[in-house]
Amino acid sequence: MRFVFGLVVSVTAWSLAVRMGPIFAPVFDPLLVLVVYLAVRQGVAGRPTGPLTCAFAGSVAGLVHDALTGGRLGLYGFADTLVAWTVAKVQQRMVIQQPLQIGLVGVLASAFQLTVLAFLQFLLVPSGQLPTLGSAVLRIAICGVLLVAVHLLAEQLRIRYARWREKRWSRLRFD
């Protein structure tokens with residue numbers, strides 16, 4: 001359910017960014033941020049999300065991105081699936097919890113996604129346009145910053161919810 005909510009928020013944010021100006025479309029990818037956040041976040045029991053779950057979420061988010069951009073169906077789907085699975089496998093073997101670590105994962109995931117997309121376009125699309133170096137660097141940086149912002153916001157919401165539950169629980173008296 002959280003993933004569906006995140007997907008709706010990501011699509012809405014992407015749509016608003018594109019409406020603000022078409023220059024934002026190539027450098028703003030909230031769907032990748034959603035997928036990478038899902039792969040690095042800790043679950044309820046303190047365990048990371050499984051790689052297959054992340055791969056499925058990456059496929060869904062990538063196919064939604066393909067449908068929204070009107071490009072070749074499946075390029076973002078494949079790239080986001082591969083990125084989500086890779087980040088989830090890394091998260092299983094390493095502890096990634098600090099904001100700086102999460103930002104670095106976001107930067108590396110975005111660079112990996114752009115590399116996969118460039119490779120797929122080179123192989124599959126005869127006259128595919130590759131992003132310019134400036135837009136690629138900007139996209140990578142924005143992804144890292146957005147991932148850290150989403151992580152910090154989620155932590156604050158989690159802390160406030162825990163305080164609210166504790167306060168509510170302390171008001172109940174069983175005499």
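**Cavity**

I started with the cavity lining: V27, D29, L32, S110, R139, I142, C143 and L146 surround the largest cavity. This is a predicted model, and I read everything below in that light. I get about 30 Å³ of space for this cavity, and the structure holds 1 cavity of 30 Å³ or more. Which element gives the most to the lining? I find that α6 does, with 4 residues. By type, I sort the lining into 5 nonpolar, 1 polar and 2 charged residues. I noted S110 again when I went through α5, where S110 is on the list of buried residues.

**Second largest pocket**

Next I looked up the second largest pocket, which holds about 520 Å³ of space. I count 21 lining residues, and the closest to the pocket centre are Y76, Q121, Q129, P131 and R139. So R139 turns up twice in my notes, here by the pocket centre and earlier in the lining of the largest cavity. The elements giving two or more residues to this pocket lining are α3 (51-69), α4 (75-93), α5 (99-124) and α6 (133-171). I put α5 at the top of that list, with 4 residues. The pocket lining splits into 11 nonpolar, 7 polar and 3 charged residues.

**Whole chain**

I stepped back to the chain. I see 6 helices and 0 strands, and from the N terminus on the order is α-α-α-α-α-α. The C-alpha trace spans about 75 × 40 × 25 Å along its principal axes. The chain has 175 residues, and 38% of them count as buried. I also checked contacts with a separation of 6 or more: residues 24 or more positions apart account for 70% of them.

**Nonpolar cores**

How many residues does the largest nonpolar core have? I find 27, and V36 and V87 have the most contacts inside it. Elements giving two or more residues to this core are α1, α2 (30-40), α3, α4, α5 and α6. The largest share, 10 residues, comes from α2.

I then followed V36. Leaving aside neighbours within four places in sequence, V36 is in contact with V83, V87, V105, A109 and L147. Two of these partners, V105 and A109, are among the buried residues of α5.

There is also a second, separate core of 7 residues, which includes Y76, A79, L120 and V125. I had already met Y76, as one of the residues closest to the centre of the second largest pocket. L120 is also on my list of buried residues in α5. As a reminder to myself, nonpolar side chains tend to be buried together in soluble globular proteins.

**α1, at S10**

Is S10 buried or exposed? S10 has 7% relative accessibility, which is under the 20% cut-off, so I count S10 as buried. S10 lies in helix α1 (residues 2-20). Not counting residues up to four places away in sequence, S10 touches P30, L31 and L34.

**α3**

I checked the length of α3. The helix has 19 residues and reaches 26 Å from its first C-alpha to its last, close to the 27 Å expected at 1.5 Å a residue. The buried residues I noted in α3 are P51, C54, A55, A57, G58, A61, G62, H65 and D66. What covers the buried residues of α3? I see that the cover includes α1, α2 and α4. After α3 comes G70, with a positive phi near 75°.

**α5**

I ran the length check on α5 too. With 26 residues at 1.5 Å a residue, α5 should span 38 Å, and its end C-alpha atoms are 37 Å apart, so the two agree. Its buried residues are I102, G103, V105, G106, A109, S110, Q113, L114, V116, L117 and L120.

**Q98, between α4 and α5**

My last stop was Q98, which sits in the loop between α4 and α5. Why does Q98 count as partly exposed? Its relative accessibility is 48%, and partly exposed runs from 20% to 50%, so Q98 falls in that class. I also looked at Q98 and L152: they are 54 residues apart along the chain, and their C-alpha atoms are separated by 9.7 Å.

Terms used: Residues are numbered from 1 along each chain as its sequence is written. This is a predicted model: local features need pLDDT of at least 70, side-chain atom pairs count only at pLDDT 80 or more; totals for chains, interfaces and linings use all residues. Side-chain values use heavy atoms; hydrogens and water are left out. Buried means under 20% relative accessible area, exposed over 50%, partly exposed in between (1.4 Å probe, protein chains only). Contact means heavy atoms within 4.5 Å. On a 1 Å grid over the protein atoms alone, a cavity is a set of points where a 1.4 Å probe fits but cannot get out, and a pocket is an open set with protein on both sides within 12 Å along at least five of seven lines; lining residues have an atom within 4 Å of a point. Grid points are joined across faces, edges and corners, and a volume is the space filled by probe spheres set on the points. Ala, Val, Leu, Ile, Met, Phe, Trp, Tyr, Cys and Pro count as nonpolar, Asp, Glu, Lys and Arg as charged, and the others, Gly among them, as polar. A nonpolar core is a set of buried Ala, Val, Leu, Ile, Met, Phe, Trp, Tyr and Cys residues joined through side-chain atoms within 4.5 Å. The expected span of a helix is 1.5 Å times one less than its number of residues.
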